[in-house]
Amino acid sequence: MPGTVVVGAQWGDEGKGKITDLLAEKADVVARFQGGNNAGHTIVRDGEEFKLHLIPSGILYEAKTCVIGNGVVIDPHILFGELEALRARGIGGDNLRISGNAHLIMPYHLLLDGANEQQLGKFKIGTTGRGIGPCYVDKYTRIGIRVQDLLDEKILRRKIKTALQEKYFLLQRYDIGVLDPDQVADELLSFRERMEPFICDASLLVNTALDQGKHVLFEGVQGALLDIDFGTYPFVTSSNPISGAACTGIGVGPTRIDHVIGVAKTYTTRVGEGPFPTELFDETGVAMCEVGQEFGTTTGRQRRCGWLDLVALRYAVRLSGVTHLALTKLDVLSGLPTLKACTRYKAGRKVLDEFPLRQTDFHHAKPIYEELPGWTEDIRECEAWQDLPQAARDYVQYIAEFTKTRVKFIAVGPGRDETIVLPRSIGRGGAL
Ligand code: GDP
Ligand code: IMO
Ligand code: MG
């Protein structure tokens, strides 16, 4: 697996942290390429739980290099808070490297994120409130503050002044008042000494590792349906969580990617606002939430739950060129007499086989379901494909066939060992 990308194939929280942690064992470098601390990745190891928002999931292995790429937006408070929390648990974090080109989330980004949501009222996106959108906006209007700016105080002060000038009217309009550029700069500069040893040329580091035949795991956050270009716009995040962003978010060419692991739950969840055709409002949805412990890792919000949407999953597979699927939380479905999987949508009089191009069609889409038998057995102890009940195997096989993608991993519990690694092909696809 020289260059392997892990991406979410739904609306986030698919279990990427767990799968990345599992794959990281065989990797030399783990590199994050987009998003920020809107992400929340949970890793459970020997009963101990770690929740990471910004630092790559590979940090738990001290021998691996962990990289935060240029495509990531960094809140320094969160970065050092997370590092301190890890150190308190005996994880040094000295193996972390941060791209000098990554953008910094500034205090005004946080204020604007909240104000924008308030302004949108009932049309709000339900963001995580972490300043992600406003930070990417500044990046693309070219008034962002980058990690490397910390190394040049004069330039940093000037850049902050420029960025704040632009925000002056907005902040006043939202009754937030004005921020003092020097105060903002002083606060940021207080991180300089701690940040400096981590700053690197992440593209050079990762490409050199690949040249040396090392294994690099590119860790995505969020999921394809939250993609700024291809997701359920405007109810999306402000970056590209699809696999292509691994190239632009680190600085490697597409020829360096060998495998793409798409992580998907065996049902669907979503946090925040936006359309969700297979959402359940009945006792099955409540059961999924309770059994699956579906509460957001970052904001603690209850996740909306529903049946597996195979049209959306096949779309995500296409967008990221997924070579292997990792299906998670199969254990949560135990005990449901019948499972439903959405294989088409009905929007008005139209029947849609593919994820619709038009936003309105998706907002009106009603799921057309295929029903499959459920199973009653507790499957958390299952260690191999053959241990799973026939109905569970049929369900997985159905997903593989519908998406025309090989299933490589099946997670049957949050723990690291609660994962079935499939030795032979379930569905199509090459060796990993
Ligand atoms: P991520 O954002 O994609 O890394 O996912 P999160 O960590 O936000 O949410 C996934 C949640 O499901 C976490 O609490 C995991 O510990 C948990 N989890 C992952 N895989 C499984 C599984 O197979 N079964 C169960 N029951 N929980 C799982
Ligand atoms: P992980 O990596 C689930 C959602 C928010 C909101 C929308 C925009 O843990 O899978 P933002 O703060 O990014 O501007 O919010 O995106 N969202 C996530 N939902 N998992 C995530 O990350 C998410 N990151 C953002 O809830 O609907
Ligand atoms: Mg999460």
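These legends walk through several close-up views of a predicted model.

**View 1. Meet the neighbours of ligand 1.**
Around ligand 1 there are 18 residues, and those that come nearest are Lys16, Gly17, Gly40, Thr42 and Asp331. What kinds of residue make up this shell? They divide into four nonpolar, seven polar and seven charged residues. As you look around, notice that helix 1 (16–24) and strand 3 (41–45) each supply at least two residues of the shell. Helix 1 gives the largest share, three residues.

**View 2. Backbone atoms beside the oxygens of ligand 1.**
Zoom in on the backbone here, starting with Lys16. One of its backbone N or O atoms lies 2.7 Å from an oxygen atom of ligand 1. For Gly40, a backbone N or O atom is likewise found 2.7 Å from an oxygen atom of ligand 1. Lys329 joins in too, with a backbone N or O atom 2.9 Å from an oxygen atom of this ligand. How much of the accessible area of ligand 1 does the protein cover? On its own, ligand 1 has 590 Å² of accessible area, and the protein covers 93% of that.

**View 3. Where ligand 1 sits in the protein.**
Step back a little to see the space that ligand 1 takes: this is the second largest pocket. Why does ligand 1 lie between domain 1 (3–98 + 198–256) and domain 3 (264–427)? Both domains give residues to the shell around ligand 1, so the ligand lies between them.

**View 4. Meet the neighbours of ligand 2.**
Now turn to ligand 2, which is surrounded by 20 residues. The closest are Asp13, Lys16, Asn38, Thr128 and Thr237. This shell is made up of seven nonpolar, 10 polar and three charged residues.

**View 5. Side chains and backbone beside the oxygens of ligand 2.**
Find the side chain of Lys16, where an N or O atom is 2.7 Å from an oxygen atom of ligand 2. The side chain of Asn38 also has a polar atom here, 2.9 Å from an oxygen atom of ligand 2. With Val271, look at the backbone instead: one of its polar backbone atoms is 3.2 Å from an oxygen atom of the ligand. Of the 550 Å² of accessible area that ligand 2 has on its own, the protein covers 97%.

**View 6. Two backbone details worth a look.**
Most peptide bonds are trans, and most residues other than glycine have a negative phi. Tyr233 and Pro234, however, are joined by a cis peptide bond, with omega about 5°. You can find Pro234 in the loop between strand 10 (216–219) and helix 9 (245–248). Is the phi of Asp13 positive or negative? Asp13 has a positive phi, near 60°, although this residue is not a glycine. Look for Asp13 in the loop between strand 1 (3–8) and helix 1. You have already met Asp13 as one of the closest residues to ligand 2.

Methods: Residues numbered from 1 in each chain as written. Chains lettered and ligands numbered in written order. Predicted model: local features only at pLDDT ≥ 70, side-chain atom pairs only at ≥ 80, totals over all residues. Heavy atoms only, no water. Near = heavy atom within 4 Å. Polar contact = N/O pair within 3.5 Å; in protein donor to acceptor, adjacent residues only side chain to side chain. Areas by Shrake-Rupley, 256 points an atom, 1.4 Å probe, with all protein chains shown as cover. 1 Å grid on protein atoms, 1.4 Å probe; cavity = no way out; pocket = protein on both sides within 12 Å on 5 of 7 lines; lining within 4 Å. Sits in = over half its atoms within 2 Å of the grid points. Helix = DSSP H or I, 4+ residues; strand = E, 2+ residues; numbered from the N terminus. Nonpolar A, V, L, I, M, F, W, Y, C, P; charged D, E, K, R; others polar. Domains from an automatic or database assignment.
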